[in-house]
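Here is a short briefing on a protein model and its ligand. It takes the backbone first, then the sheet, then the ligand site.

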Amino acid sequence: MNIAVIGAGYVGLVAASCLVNSGHQVTCVEIDEAKLRLLNQGTSTIEEKGIDQLLKQCLSSGRLSFVSALPKPLQVDIVMITVGTPSLPSGAADLSYIYNAAEQLRDAARHPSILVMKSTVPPGTGVKLVQRYFKNSPISYVANPEFLREGEAIEDWYHPSRIVIGAEDNKIGERIRQLYFDIDAPVIITDITSAETIKYAANAFLVTKISFINEIANLCEAADANIDDVARGVGLDPRIGPDFLRAGLGYGGSCFPKDARALDFSALNKGYDFRLLKATIEVNTKQRILAVHKLKQLLGGLAGKEIALLGLAFKPDTDDVREAPSLDIAYLLDEGGAKLRVYDPAAMENARPLLPPSIAFAPDIYSATAGANAVVLITEWREFIDADWQAIKKQMKEPYIIFDGRNALPQDKLIALGFKYMGVGRRLG
Ligand code: UDX
């Protein structure tokens, strides 16, 4: 098929490249001139496993091109909108990029084509967009949310757990199903608003699962139980499942926090108070603050204490620090008077402008931890788990605290080395 993709951000670039790889012809619209230049040279503007090679292959196939504006008149089968929907200060999703793209499309459309909305938009948005922009136009509207994880986006594109298609008309829905002819996954064809709701409900459920296990972990600490065994025992029930039961410092990233807030706002705006979701968001914020309080208690105060923070990215194998727990934790420790040294294998440059200027950036884990009274693991990078902890212990200072904020380090080994170990929902050692 002949496809235009509006927005060469994270989802757009992955979608465009994967669609070309499946044999489609794609024109990708990107307004940022600097990004456009890089993309036309075959340089990816996002950090993603496999994207550099895929992008080069796509460009040399001649079926992918990047342009600065939607061609007029537009003659394609499908237009995919993949622009961002960031948070407004109220928590609502900022739909200005969506409106912009819809206007461009309305102005360029002369021939029948299908608008496929991949951006995450609150329930009810698609129906409103149709009313506002496409009432008497050749454009049909389909909501087709994506569930791509950062770092696994290409793999997730080809092996999704489901394909969700929301259309006014079944025939249009069927056409979009053909777009994914080479993907083997259950397909749900429903109405537009239900498809939009599936995306938010999935994210809301996953964040609820994370906050739930974090609350159970906090309870484990109070009751002297062990979260590792508890989570395993709970997750083996097939009705619950083992995924997303890793207790720790909570969720961050470019999707979960903003989508949780946007759903809460959207529900309230429709007259419904989504209390469970509100509690989930609050627990996630509290989890970061609680970590700082526990550390303060263990250290007997923060003022003048040297603390190494390991990991700034919101999860391992990414340079993304958006809404990462590291940012809040660094601020709170700095405010408490601690002397901080931070290290992350990939996210230092992105984090630097977001952190207080008093924080020192170390070139590796060993320089970060030298002379530290305490080490806090915030992101479970492999290189932290595999580090030489004996060497680290030798160069640290009393009381040799290690706060494992992701329950990822070898607890018994660290205790045997003489560390004072604290995890999340694990017994103190
Ligand atoms: C997520 C969704 O998984 C994806 O479907 C959606 O499209 C976008 O948002 P991503 O942001 O890449 O993807 O992150 P993910 O790997 O799902 O992890 C999100 C956060 O939750 C991370 O901060 C992670 O540390 C945290 N998490 C995850 C936990 O704290 N505990 C868990 O058990 C799982």
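Helices and strands here are DSSP runs, with at least four residues for a helix (H or I) and at least two for a strand (E), numbered from the N terminus. By that count, Pro399 sits in the loop between α16 (389-395) and β13 (401-404). The model is predicted. Its ligand lies between two domains, because domain 1 (2-190) and domain 2 (191-429) both give residues to the shell around it.

**Cis peptide bonds**

- The bond from Glu398 to Pro399 is cis, and its omega is near 0°.
- A cis bond also runs from Lys72 to Pro73, with omega near -10°.
- Pro73 belongs to the loop between β3 (64-67) and β4 (78-81).

**Positive phi outside glycine**

- Asp224 is not a glycine, yet its phi is positive, near 60°.
- The loop between α8 (192-223) and α9 (227-235) holds Asp224.
- Glu323 is not a glycine either, and its phi is positive at about 55°.
- Glu323 lies in the loop that runs between β9 (306-310) and α12 (325-335).
- Is Glu323 buried, partly exposed or exposed? Its relative accessible area is 33%. Buried means under 20% and exposed means over 50%, so a residue in between is partly exposed. Glu323 is therefore partly exposed.

**The parallel sheet**

- Six strands make up an open sheet, and their pairing is parallel.
- The strand order is β11-β10-β9-β12-β13-β14.
- Which strands form the edges? They are β11 (360-361) and β14 (420-422), each of which pairs on one side only.
- Strand β10 (residues 339-343) runs parallel to β11 and is joined to it by two bridges.
- Arg341 has Ala360 in β11 as its bridge partner.
- In general, strands of a sheet pair through backbone hydrogen bonds.

**The ligand site**

- The ligand has 18 residues around it. Those that come nearest are Phe147, Glu150, Arg246, Phe314 and Lys315.
- By class, the shell consists of nine nonpolar, two polar and seven charged residues.
- Arg246 places a backbone N or O atom 2.8 Å from an oxygen atom of the ligand.
- Gly252 also has a backbone N or O atom by a ligand oxygen, at 3.1 Å.
- Arg406 uses its side chain: a polar atom there lies 3.5 Å from an oxygen atom of the ligand.
- How much of the ligand does the protein cover? On its own, the ligand has 680 Å² of accessible area, and the protein covers 94% of that.

Technical notes:
Residues are numbered from 1 along each chain as its sequence is written. This is a predicted model: local features need pLDDT of at least 70, side-chain atom pairs count only at pLDDT 80 or more; totals for chains, interfaces and linings use all residues. Side-chain values use heavy atoms; hydrogens and water are left out. A residue is near a molecule or strand if one of its heavy atoms lies within 4 Å of it. A polar contact is a pair of N or O atoms within 3.5 Å; within protein, one must be able to donate a hydrogen and the other to accept it, and residues adjacent in sequence count only if both atoms are side-chain atoms. Accessible areas come from the Shrake-Rupley method with a 1.4 Å probe; for residues, only the protein chains shown count as cover. Ala, Val, Leu, Ile, Met, Phe, Trp, Tyr, Cys and Pro count as nonpolar, Asp, Glu, Lys and Arg as charged, and the others, Gly among them, as polar. Domain bounds come from an automatic or database domain assignment. Two strands pair if DSSP finds at least two bridges between them. Buried means under 20% relative accessible area, exposed over 50%, partly exposed in between (1.4 Å probe, protein chains only).
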